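Reader: Hey, could you walk me through this one? I'm new to reading structures, so plain words please.

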Amino acid sequence: MLDVTVHRGTSRGAQYDSFQVPAHESQTVLDVVSWIQQFADPTLSYRFACRVGMCGSCAMMVNGTPRWTCRTHVNKVAADGKLMIEPLRNLPVIKDLAADMDPFFDKWTAAEGHHHPSQTRHDPIVPIDPTDAARAEADLGVECINCAICYAACDTVAGNPDYLGPAALQRAWTLLNDSRDDGHAGILDAVSGSGGCHNCHSMGSCAQYCPNELNPMRAIAGLKRETAKSFFKGKRNA
């Protein structure tokens, strides 16, 4: 049997409940959570969709580490048959294991992390050279699925709620290197503010825990360089 402790409640009031869950071979943490909801307590709230590591919606804290629970096998993380399962940190809690993702996506918006079209549907499609250095840099971040693992892992976010966070800044860097995006000046302005890229302490938790093995810290370093160049260019032209 597994001794499983689960966070219950919301950000305003929380407690922890314990469950004895049957152990099975090749069992994932999401299997454990699903068993509790199906057989022990149907009021348990959590979030999942694909179960195969494509959507990221099942992300939770497992023994203090942010993980996709669908791809995390119990035998790799259980400490003496014990599991502590909590909602992602650095986000408000809607109920039990379901975190409120609104602040995470609000920061994408604040970082100008949406495409700014440079052409209309009536314009011819411009070919993209995959060997171009900027295109290659942009491609490094396109596999982000917005699971917020990096956001939950980030100690800078924990200490500074205004910090845009690794995912939003990586998205900004991707767009900055995309020749089809027409919002480069706005992006640099957005990520150079009080909650922007220069708040990053380069601790690397975002890269360490990303399940898709992306490196937001590399993107943030690129933004630091480009915002500094833009700043000093403006000084020279003033």
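**A chat about loops, rings and helices**

Author: Let's start with Arg51, which is partly exposed because its relative accessible area is 36% (buried means under 20%, exposed over 50%, partly exposed in between, with a 1.4 Å probe and protein chains only). Keep in mind that this is a predicted model, where local features need pLDDT of at least 70, side-chain atom pairs count only at pLDDT 80 or more, and totals for chains, interfaces and linings use all residues. Residues are numbered from 1 along each chain as its sequence is written, and side-chain values use heavy atoms, leaving out hydrogens and water.

Reader: OK, and where does Arg51 lie?

Author: In the loop between α1 (29-40) and β3 (59-62). Helices (H or I, at least four residues) and strands (E, at least two) are DSSP runs, numbered from the N terminus. Arg51 has a positive phi of about 70°, although it is not a glycine.

Reader: What sign does phi have in most residues other than glycine?

Author: Negative. Ser202 also has a positive phi, about 60°, and is not a glycine. Ser202 sits in the loop between α8 (184-191) and α9 (205-209), and is partly exposed at 44% relative accessible area.

Reader: Switching topic: how many aromatic pairs are there?

Author: The count comes to 5 aromatic pairs. Rings of Phe, Tyr and Trp (its six-membered ring) pair if their centres lie within 6.5 Å; planes under 30 degrees apart are stacked, over 60 edge-to-face, and the rest tilted. Phe104 and Phe105 are edge-to-face, because their planes are at 80°, with ring centres 5.0 Å apart. Phe104 and Trp108 make a tilted pair, 6.4 Å centre to centre with 50° between the planes.

Reader: Is Phe104 buried or exposed?

Author: Phe104 is buried, at 2% relative accessibility. Trp108 is buried too, at 13%, while Phe105 is partly exposed at 35%.

Reader: And how far apart are Phe104 and Trp108 in helix α3?

Author: They are 4 residues apart in α3 (residues 102-110), so about one helical turn separates them. Phe104, Phe105, Trp108 and Tyr151 form one aromatic cluster.

Reader: Last one: at what angle do α7 and α8 pack?

Author: Helix α7 (residues 166-176) and α8 pack at about 155°, with axes 10 Å apart. The axes are lines fitted to C-alpha atoms, for helices over the stretch in contact, and angles run from 0 to 180 degrees between N-to-C directions. So α7 and α8 are roughly antiparallel (over 145 degrees; under 35 is roughly parallel, 65 to 115 roughly perpendicular, the rest oblique).
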